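This report is meant for a reader who is meeting the structure for the first time. It goes through one helix, the cores, a pair of packed helices and two loop residues.

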Amino acid sequence: MMRQASEQALERMLRSWEGVVAHQPSEAIRWADEFFAVSDVLTGSSALVRAITDPARSGDARAELARSVLSGKVSGEVTDYVAGLSRERVSAAKDIIEAITLTGVETLLMSAQYQNRLDAVEEELYRASQVLGTERTLRRSLEERGSSLGRRHELAGRIFGGWTPETVALIKHAVSTDSSIIPQLRHWVSDAGRRSEHLVAIVTAAQPLESDQEARLTALLSQRYDKPVEIHVGVDPEIIGGLRIVIGADVIDGSLASRINNVKSVFTD
């Protein structure tokens, strides 16, 4: 279990990372796989872990070391995230491995939430835990360390492959660890439930919003939907002015570019 300072560092990183995923949710499953791969690499190299968490090095030096190791091996977004996490001070060297693994899991849950699949993932994870609790032979086959990981992933794909991609990715990750599968699935059911307690609004603006503007928008949306709303703001100069807001299946397009296109359509129809 991570120490408090490490948990706080992870929370800071996840807040900024959520904005990245919110605007590119289609990349989230690939990014999650990369986080799990980075975690595996660090698990196998205690020297590297000590180096990128060494308090005697400056934060910038730790970040640059992480960047040099990962550059060209994983996406730029994941490289930037791990470098940023390395810049933070963690309480214990091993905490950074857990933090990266947790980021992979959270990335998959973010993906499901932004693509309106979080409820399905929560239900499927619960069903998977029930199935594996009943089907002991299947569970033993998935947890059999003497069998190759590729074969176990193939088996998981045959059984659960028709479910949402985030659920399948989480199950395959659970199969990849040395821990029992069912407790992991049940923990992620709780994580998915925690995330579903609020709505997420993906906001696109022509320029960055001031903090008071974000606060007013958050309050207005929370009042409209009668549920807490978290907003993530991205900038796209092409919308010219106004805002484009996506909440689940709802699209609120008040951008000037949209209004111009609507006027154009009147004259072209």
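The model shown here is predicted, and the account starts with a contact between two of its helices. In that contact, Leu138, Ser141, Leu142 and Glu143 of α8 meet Arg152, Leu155, Ala156, Ile159 and Phe160 of α9. Sorted by class, the contact of α8 with α9 is made up of six nonpolar residues, one polar residue and two charged residues. Two packed helices are described by the angle between their axes and by the distance between those axes. For α8, which covers residues 136-143, and α9, which covers residues 149-160, the angle is about 140 degrees and the axes are 8 Å apart.

Another helix to look at is α5, which has twelve residues, 76-87, and reaches 16 Å from its first C-alpha to its last, close to the 16 Å expected at 1.5 Å a residue. Which residues of α5 are buried? They are Val78, Thr79, Tyr81, Val82, Ala83, Gly84, Leu85 and Ser86. The cover over the buried residues of α5 includes α1 (4-23), α2 (28-43), α3 (46-53), α4 (59-70) and α6 (95-114).

Two residues of α5 return in the description of the largest nonpolar core, which has 31 residues: Tyr81 and Val82 stand with Val38, Leu42, Ile96 and Ile100 as those that touch the most other members. At least two residues of this core come from each of α1, α2, α3, α4, α5, α6 and β1 (199-205). Val38, when its neighbours within four places in sequence are left aside, is in contact with Leu70, Val74, Val78, Val82 and Ile100. Apart from this core lies another one of 29 residues, among them Phe36, Val121, Leu138 and Phe160.

The last topic is backbone angles in loops. Most residues other than glycine have a negative phi. Asn116, however, has a positive phi although it is not a glycine, and Asp226 likewise shows a positive value in a residue other than glycine.

| Residue | Phi | Loop | Relative accessibility |
|---|---|---|---|
| Asn116 | about 60 degrees | between α6 and α7 (118-134) | 57% |
| Asp226 | near 55 degrees | between α12 (211-225) and β2 (229-235) | 70% |

Are these two loop residues buried or exposed? Asn116 counts as exposed because its relative accessibility is 57%, where exposed means over 50%. Asp226, with a relative accessible area of 70%, is therefore exposed by that cut-off of over 50%.

Conventions: Residues numbered from 1 in each chain as written. Predicted model: local features only at pLDDT ≥ 70, side-chain atom pairs only at ≥ 80, totals over all residues. Heavy atoms only, no water. Helix = DSSP H or I, 4+ residues; strand = E, 2+ residues; numbered from the N terminus. Expected span 1.5 Å × (residues − 1). Buried < 20%, exposed > 50% of the residue type's maximum accessible area, 1.4 Å probe, protein only. Contact = heavy atoms within 4.5 Å. Axes fitted to C-alpha atoms, helices over the stretch in contact; angles between N-to-C directions. Nonpolar A, V, L, I, M, F, W, Y, C, P; charged D, E, K, R; others polar. Core = buried A, V, L, I, M, F, W, Y, C linked by side-chain atoms within 4.5 Å.
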